[in-house]
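User: Hi! I'm new to reading protein models, and I'd like to go through one with you. Could you help me with a few questions?

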Amino acid sequence: MAGLKDRDAYLRLNFLYQAAHCVLAQNPDNIELARFYCFTQKTIARRLVLRQDPSVKRTLCKKCCSLLIPGVTATTRQKKKKCKARFTVTTCLSCGEKKAFLNNPDYVLWSDRPEAQLQEQKGSTSGPSSKNQQKMIKSVANTSKESEEQVRAGHSAEAGPSTAS
């Protein structure tokens with residue numbers, strides 16, 4: 001769980017993002033104020049070294065920090081490459097920067113995958129990784145038992161002749 005400081009920072013980032021949306025919803029000509037909110041949001045996230053959700057980062061222009069809303073501040077097109085892969089290309093109307101995203105309905109972002117979640121990795125008891133861990137624990141236990149037996153045998157061999165003399 002994020003600490004109190006991080007929680008406050010994320011609340012502030014969320015507020016700035018929502019404020020930018022509200023400004024553009026009320027008056028689409030007020031792009032500069034929305035851009036200021038997005039720039040402030042990006043600056044705070046960079047200064048505090050906070051990661052933003054990919055869905056938020058996809059709606060911000062990397063070049064001019066404006067909010068990319070299709071039809072208002074950006075255009076969205078579907079393109080098809082030679083290998084039959086489809087892409088969604090979003091073009092910022094302020095600076096002309098383009099972003100291309102793969103249109104694969106089966107694709108899942110890494111952050112949304114179950115193996116990316118740290119809590120699930122620690123809590124899982126089944127799967128090949130836990131089997132490998134169990135094998136490693138058994139082999140370590142066997143080698144430690146063998147080494148203990150060798151040490152005991154060595155001590156008894158050394159101790160045997162010295163007590164007999």
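User: How many disulfides does the count come to?

Analyst: The count comes to zero disulfides, where a disulfide is a pair of cysteine sulfur atoms within 2.5 Å. Before we go on, this is a predicted model: local features need pLDDT of at least 70, side-chain atom pairs count only at pLDDT 80 or more, and totals for chains, interfaces and linings use all residues. Residues are numbered from 1 along each chain as its sequence is written, and side-chain values use heavy atoms, leaving out hydrogens and water.

User: Why is Cys38 not in a bond?

Analyst: Its closest cysteine sulfur, in Cys65, is 7.5 Å away, so that is too far for a bond.

User: And how far is the nearest cysteine sulfur from Cys92?

Analyst: For Cys92 the nearest one belongs to Cys64, at 3.6 Å, and Cys92 is in no disulfide.

User: Is Cys92 buried or exposed?

Analyst: Cys92 is buried, with a relative accessible area of 3%. Buried means under 20% relative accessible area, exposed over 50%, and partly exposed in between, using a 1.4 Å probe and protein chains only. Cys38 is buried too, at 1%.

User: What about Phe39, how does it count?

Analyst: Phe39 counts as partly exposed because its relative accessibility is 46%. This residue lies in helix H2; helices (H or I, at least four residues) and strands (E, at least two) are DSSP runs, numbered from the N terminus.

User: New topic: what order do the strands of the open sheet have?

Analyst: The three strands go S1-S2-S3, with antiparallel pairing. Two strands pair if DSSP finds at least two bridges between them. The edge strands, S1 (74-80) and S3, each pair on one side only.

User: How many bridges join S1 to S2?

Analyst: Seven bridges join S1 to S2 (residues 86-92). As one example, Lys80 has Arg86 in S2 as its bridge partner.

User: Cool. What volume does the largest pocket have?

Analyst: About 880 Å³. Of the 24 residues lining this pocket, the closest to its centre are Arg51, Gln52, Asp53, Pro54 and Lys57. On a 1 Å grid over the protein atoms alone, a pocket is an open set of points where a 1.4 Å probe fits, with protein on both sides within 12 Å along at least five of seven lines, and lining residues have an atom within 4 Å of a point. The volume is the space filled by probe spheres set on the points.

User: Which element gives the most to the lining?

Analyst: That is H2, with four residues.
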